[in-house]
Each structure stands twice: as structure tokens, then as C-alpha cells.
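Grab the model and work through a few exercises with me. Each one sets a task and then walks through a solution.

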Amino acid sequence: MKLNERSVAHYATCDSPADHAGFLRKRVERHHHHAHHHHTTSYQRRWFVLKGNLLFYFEDRESREPVGLVVLEGCTVELCEAAEEFAFAIRFDDAGARAYVLVADGQAAMEAWVKALSRASFDYMRLVVRELEKQLEETCKSLAACRNSPRRSSSSGRKRHLSNPALLPLQEKPAILENGYSTWGSGGGIPGGAACPDRDGGHIKPPPLPPRRRSAAGGAMGSPAPSLSSATPESPVSPETACFSKLHSWYGQEIAVLRREWQERQKRGHP
Amino acid sequence: MRYNERELLSLARQPAEKAAEILMRVPKKGSVLKKRLVKLVVNFLFYFRTDEAEPIGALLLERCRITKEEENVFSISFTEEPERKYCFECDSEEQCQEWIEALKRASYEFMRRSLIFYRNEILKMTGKDPLEQYGISEEARFQLGTHQP
């Protein structure tokens with residue numbers, strides 16, 4: 001599969017903010033049939049740069065091009081019982097997928113990396129943005145500066161969960177949104193606009209809202225998440241995992257069920 | 001540059017934010033418009049031959065420019081090579097606009113900017129940092145302005 005590698009490498013080294021960076025030792029993964037039969041594991045010291053859901057690594061800090069990239073979407077990050085102290089692993093849900101074993105310089109560095117990596121997913125960022133959007137809208141309303149019509153308010157139970165992406169309350173239904181987008185941007189106290197904010201704030205318009213996941217609208221359809229449990233025997237997200245691929249499958253199944261229901265109603269001649 | 005292609009292929013199989021059959025042309029000499037299944041998943045745009053399960057390619061959508069070209073057509077190019085354009089011809093102007101909007105918002109960097117904006121607005125309106133209650137206010141990715149690692 002082709003990838004726009006030149007652009008990706010450029011993104012790695014451009015001035016967009018890095019979410020974390022530092023030296024880590026990366027375990028070298030060998031083939032089973034290694035020429036030498038000794039079993040010592042070796043590590044290579046690399047300069048790692050985390051940008052969004054992408055973890056780049058360079059031969060050293062001044063390198064102009066990354067040696068490699070780990071796309072982090074769908075990964076879990078765990079401390080691992082390697083012979084090395086301060087080791088952690090990036091793993092994927094795929095059976096047979098290799099793990100990336102990394103070793104930090106010390107306890108603090110390891111903890112910082114594990115924290116940064118476990119919150120690196122696109123989906124997590126989207127969740128936080130959505131929460132803040134809602135909060136801003138609610139703040140608007142309570143300050144009586146908004147001219148919006150009332151919408152269903154979010155459950156306050158979600159708040160704790162943002163500190164731990166593994167505890168996403170997927171069983172909750174987000175509010176119904178017109179065309180998948182919140183309506184507050186088009187009216188009310190906050191000027192709508194397509195411009196992106198400047199770095200220094202000032203008189204800026206809000207950026208366009210991030211795309212919404214088209215998940216089931218529980219109220220309108222009258223079919224809450226538990227009705228899908230026959231199709232999904234296991235909980236999509238348990239406290240032990242923040243697996244992105246499962247999140248996606250879960251949403252995908254919701255949509256599949258809705259489509260089927262809609263199609264059946266169409267067949268029966270309902271409007 | 002090495003990368004975990006396996007995970008990227010797995011990502012390509014996830015439910016998409018947006019997917020459609022669109023005519024696509026890559027920025028290679030002599031290339032023509034071809035019908036592709038184009039699928040947007042997080043900040044990647046995958047494109048498939050219409051009858052194949054594995055994508056031909058993926059485009060990371062960071063530092064890219066989405067441009068409206070002629071009627072029904074938009075292009076994706078990247079900031080360091082603005083002349084190399086991936087062109088997409090849609091069935092309708094409406095579809096074209098939908099894709100442009102979706103792609104413009106599909107980058108992690110876009111979401112980061114949105115978040116910083118909302119955080120700042122809430123801070124200005126209430127005097128409180130909305131991220132504090134979640135225990136993530138010190139996270140580098142949520143900071144206002146650029147910062148060095």
C-alpha cells in the first residue's frame with residue numbers, strides 16, 4: 001500500500017507542535033531464524049517525537065528525516081515485564097502484530113511517555129473537543145448570551161472519564177444533531193465562521209466544528225445501545241482496554257442496525 | 001521510512017467517517033481519472049480499487065491543503081509540494097462541498113486548534129480552565145500556542 005511518505009516525513013520535522021519528545025531505547029525485533037543463536041535482546045537508542053496519533057523516531061535528535069513511524073490509532077500502551085527497567089510496550093489488537101518495546105531513562109520519563117501515548121488517539125482528541133464544544137454552548141446559555149433554541153444537555157457523568165480514555169461512556173447517546181453538526185455555530189452569541197483561530201487569540205472566529213460521528217440517536221429511534229448486545233456479546237470498551245478498532249466496530253454495528261431498520265421500514269411503506 | 005503498514009491496513013477496514021466512489025487522479029505524469037472507493041478514517045484518506053478489500057494507498061491528512069478546483073472537482077495537496085495535486089471528481093457539486101468540508105476538518109491539527117479555541121473561550125467567559133476538572137490541563141497537546149518538547 002502506498003503512503004504519501006514524503007509529506008508524512010515532512011510533517012514529522014515541520015514546526016507543528018510535538019506532543020512529547022525524548023530519547024527512548026527501542027527493542028530490536030529479530031526474525032525467528034536468526035543467524036546467531038544467542039538470545040540477547042538488543043536495543044537502539046532513538047529520538048522519538050509524538051505528534052497527534054503518530055509516533056516518529058529518528059536516528060538522533062538532529063536527523064532531518066525520521067527512520068520510522070508508528071501509527072498509534074487503535075493501540076494500547078502497557079508497562080511490560082521486560083528484563084529492562086522502565087520498559088513499556090505499544091501493542092495492537094491484531095493477532096500476530098508485533099509490539100513495540102520501548103525503554104525510558106527513568107521512572108518519570110516512562111510515566112510521561114505512557115500517559116502521552118495513551119491519550120494520543122484521534123478519537124480521544126475528538127471526544128475532548130466535543131466535550132468542550134458542549135461546555136461552551138452551555139456556558140453561553142447560562143450567560144444568556146446565546147440565541148439558540150434549547151437542546152438536550154449532556155449527562156454530567158461523562159466528566160470524570162476524560163482523564164482516562166479507557167472509561168469512555170459509550171452506552172450514552174450523544175444529543176441529536178442536525179446534519180451531524182451542532183447548530184450553535186450558525187446563530188447566537190458566538191459568531192459562526194470558517195476561519196481558523198490565530199495563535200494569539202484576539203478577534204477570531206471559532207473554527208468549523210469537527211465532523212461528528214454519525215452514531216445512533218437513541219431518543220428518536222427508540223433503540224438504546226443495549227439492544228445491540230445480541231450482536232456484540234462483549235462490551236466494546238472495558239476498563240482494561242481503550243481499543244480504537246473496537247470503538248469503530250461498535251459504532252459501525254450501530255449504523256448497520258439502524259440502516260437495516262430503516263430499510264425494513266421503507267419496504268413496509270412507512271415514510 | 002518504516003511504518004506499521006499492518007495497523008494502517010487494519011485502520012482502512014474500520015467504519016469510515018465518510019466513504020464514496022469518486023473519480024481520482026494521482027499526481028503522476030500521464031495519470032488519468034479512475035474510479036476509486038475513497039474512505040476517510042480519522043486523519044487518513046484511503047483509496048481502493050472498487051472491487052478490492054485492501055487499499056491501493058493512503059494519504060495522511062496533516063499539513064494538507066484542500067482546494068476547490070473546477071465544477072465537482074476538489075484537490076488535495078501538501079504544503080511542501082503544492083503543485084502535486086491529488087484530484088477528485090465528484091458526482092455533484094454538493095458531494096464535492098461535503099468532501100471539502102469533511103477533509104478540512106479531518107486533521108489532528110485542526111482538532112487541536114478547535115480545542116484550544118474552545119478552551120480559551122470558556123476560560124475567558126468563566127474564568128475557569130475547563131480541562132482542569134478532567135486532570136488534563138497540563139497535557140502538551142492542549143496548550144495554547146507553540147511549545148518546544
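**Exercise 1: two odd phi angles**

Task: find where Arg63(B) sits and say whether it is buried, partly exposed or exposed.

Solution. Start with the chain trace: Arg63(B) falls in the loop between strand 5 (57-60) and strand 6 (64-68) of chain B; strands here are DSSP E runs of at least two residues and helices are H or I runs of at least four, numbered from the N terminus. Next, the backbone: phi of Arg63(B) is positive, about 55°, although the residue is not a glycine. Then the surface: Arg63(B) has a relative accessible area of 31%, so it counts as partly exposed (buried is under 20%, exposed over 50%, partly exposed in between, with a 1.4 Å probe and protein chains only).

Now repeat the steps for Val42(B). Val42(B) belongs to the loop between strand 3 (34-41) and strand 4 (44-49) of chain B. Its phi is near 45°, a positive value in a residue other than glycine. With a relative accessible area of 4%, Val42(B) is buried.

A word on the ground rules: this is a predicted model, where local features need pLDDT of at least 70 and side-chain atom pairs count only at 80 or more, while totals for chains, interfaces and linings use all residues. Residues are numbered from 1 along each chain as written, chains are lettered from A and ligands numbered from 1 in written order, and side-chain values use heavy atoms, leaving out hydrogens and water.

**Exercise 2: the largest core**

Task: describe the largest nonpolar core and say which residues have the most contacts inside it.

Solution. First, get the size: this core has 42 residues, and Phe44(B) and Phe46(B) have the most contacts inside it. (A nonpolar core is a set of buried Ala, Val, Leu, Ile, Met, Phe, Trp, Tyr and Cys residues joined through side-chain atoms within 4.5 Å.) Second, see who contributes: helix 3 (residues 122-142) of chain A gives the most, with seven residues. Third, place it: domain 1 (5-106) and domain 2 (111-137) of chain B both supply residues, so the core lies between them; the domain bounds come from an automatic or database assignment.

Fourth, zoom in on Phe46(B). Beyond four places in sequence, its contacts (heavy atoms within 4.5 Å) include Met1(A), Leu8(B), Leu37(B) and Pro55(B).

**Exercise 3: chain A in outline**

Task: how many helices and strands does chain A have?

Solution. Count the elements: five helices and eight strands. Then check burial: of the 271 residues of chain A, 48% count as buried.
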